[in-house]
Amino acid sequence: MSIESIIADLGARIINLEEPEREISGGYCGDFLSNVISKAPPDSVWFTVMNNQNVAAVQTLADIALTVLCEGVEPDETLKARVKDKGLNMIVTDLPVYEAVKAIE
Amino acid sequence: MTALHLEFDVAGNNFVSAGSASDEVKKTLKMLGVGAQFVRKVAIAMYEGEINMVIHAGGGRAIVDIYPDRIVIVLTDNGPGIPDIELAMRDGYSTAPEAIRNLGFGAGMGLPNMKKYTDSFKIDSVVGKGTTVTMTVNFAA
């Protein structure tokens, strides 16, 4: 599954996209960062409603390929800056987490 | 090969820089060609430790020694100490305040994750003085 196909399936807005061709293998849903960092597989897509700067740190350390902010949650300014600075892939969808996962299946 | 020695100051209550020491160590290990599964273990354990110092201890210091076959991470703080380490090690036990939980922390998985993803894990803590966590990850299956 590619990041481009996920963006299309979700009708998502792009916050930052540096590797649109990166292949996704696996996924994880959650907002507690300790769970995410230990359970999200490398190269996965992460669905969350958490939108602060710590999201970028966890995405980087866990090698998460794409973060999907759900329910129309916008990244705060610090997160937006860090995502760009670190070259991370992040998009926003208006769908709730469950609907978003179903949409990309 | 002599050990590669790294030291980092971890700022307390600063979530902008939180994770940067872990990120540096992760990049260094990747550069040294350490296997991805070991780099991942180190990144998880060290991030949890760093975050604990940021949240609970007003910051601290991370001292990292990288050997050909392992990494040793020592995290030292002058925070309040941990009164009951056994309780603190329990999955889901957290003393993080509401504001911290709202940032996505406080799942009570920090110390358990550090133990789970390291090959040796030791806490020395004195109430009112501080805590030292020593962790080793071996670079072999």
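The exercises below work through a predicted model with chains A and B, each followed by a stepwise solution.

**Exercise 1. The overall build of chain A**

Determine how many helices and strands chain A has, in what pattern they follow one another, and how the radius of gyration of chain A stands against the globule rule.

Solution. Begin with the inventory: chain A contains five helices and five strands, and along the sequence these are arranged as α-β-β-α-β-α-β-α-β-α. Next, take the radius of gyration, which is 12 Å and thus close to the 13 Å that the globule rule gives for 105 residues, so chain A is as compact as a globular protein of that length. The extent of the C-alpha trace along the principal axes, about 30 × 25 × 25 Å, can be set beside this value. Finally, consider burial and contacts: of the 105 residues in chain A, 46% are buried, and among contacts between residues at least 6 apart in sequence, 48% join residues at least 24 apart.

**Exercise 2. The two sides of helix 4 of chain A**

Work out which residues of helix 4 of chain A are buried, where they lie around the axis, and which exposed residues the face turned away from them carries.

Solution. First, list the buried residues of helix 4, which spans residues 77–86 of chain A: they are L79(A), R82(A) and V83(A). Because these residues cover an arc of only 100 degrees around the axis, they fall on the same side of helix 4 of chain A. Then turn to the face directed away from this buried side, where the exposed residues E77(A) and D85(A) are found. As a third step, ask what the buried residues pack against: their partners in chain A are strand 1 (13–16), helix 3 (54–61) and strand 5 (90–92). Beyond the end of the helix comes G87(A), with a positive phi near 70 degrees.

**Exercise 3. The packing of helix 3 against helix 4 in chain A**

Describe the geometry with which helix 3 and helix 4 of chain A pack, and identify which residues meet in their contact.

Solution. Start from the axes, which are 8 Å apart and enclose an angle of about 25 degrees. Since angles under 35 degrees count as roughly parallel, helix 3 and helix 4 of chain A are therefore roughly parallel to each other. The contact itself joins V55(A), A56(A) and T60(A) from helix 3 of chain A with L79(A), R82(A), V83(A) and K86(A) from helix 4 of chain A. Sorted by character, the residues of this contact comprise four nonpolar, one polar and two charged.

**Exercise 4. Chain B and the side that touches chain A**

Establish the order of the elements in chain B, and find which element gives the most residues to the side of chain B that touches chain A.

Solution. Chain B has five helices and five strands, which run β-α-α-β-β-α-α-α-β-β from the N terminus on. The radius of gyration of chain B is 14 Å, close to the 14 Å that the globule rule gives for 141 residues, so chain B is as compact as a globular protein of that length. Its C-alpha atoms occupy a box of roughly 45 × 30 × 25 Å along the principal axes, and 38% of its 141 residues are buried.

Turning to the interface, 19 residues of chain B are in contact with 16 residues of chain A. On the side of chain B, the elements that give two or more residues are helix 1 (20–31), helix 2 (36–56) and helix 5 (110–116), and helix 2 of chain B gives the most, with five residues. The residues on this side divide into ten nonpolar, five polar and four charged.

**Exercise 5. Two residues of chain B**

Decide whether E50(B) is buried or exposed, do likewise for S120(B), buried or exposed, and state which residues each of them touches.

Solution. E50(B) lies in helix 2 of chain B and has 28 other C-beta atoms within 10 Å; because a residue with 20 or more counts as buried, E50(B) is buried. Leaving out residues up to four places away in sequence, E50(B) touches V10(B), A18(B), G19(B), A21(B), S22(B) and A62(B).

S120(B), in strand 4 (residues 120–126) of chain B, has 12 other C-beta atoms within 10 Å and is exposed, since the cut-off for exposed residues is 12 or fewer. Apart from neighbours within four places in sequence, S120(B) is in contact with M135(B) and T136(B). The C-alpha atoms of S120(B) and N138(B), 18 residues apart along the chain, are separated by 8.9 Å.

Methods:
Residues are numbered from 1 along each chain as its sequence is written. Chains are lettered from A and ligands numbered from 1 in the order in which they are written. This is a predicted model: local features need pLDDT of at least 70, side-chain atom pairs count only at pLDDT 80 or more; totals for chains, interfaces and linings use all residues. Helices (H or I, at least four residues) and strands (E, at least two) are DSSP runs, numbered from the N terminus. The arc is that of the directions from the helix axis to the C-beta atoms. Two residues are in contact if their C-beta atoms, placed from the backbone, lie within 7 Å. Axes are lines fitted to C-alpha atoms, for helices over the stretch in contact, and angles run from 0 to 180 degrees between N-to-C directions. Angles under 35 degrees count as roughly parallel, over 145 as roughly antiparallel, 65 to 115 as roughly perpendicular and the rest as oblique. Ala, Val, Leu, Ile, Met, Phe, Trp, Tyr, Cys and Pro count as nonpolar, Asp, Glu, Lys and Arg as charged, and the others, Gly among them, as polar. The radius of gyration is taken over C-alpha atoms; the globule rule is 2.2 Å times the number of residues to the power 0.38.
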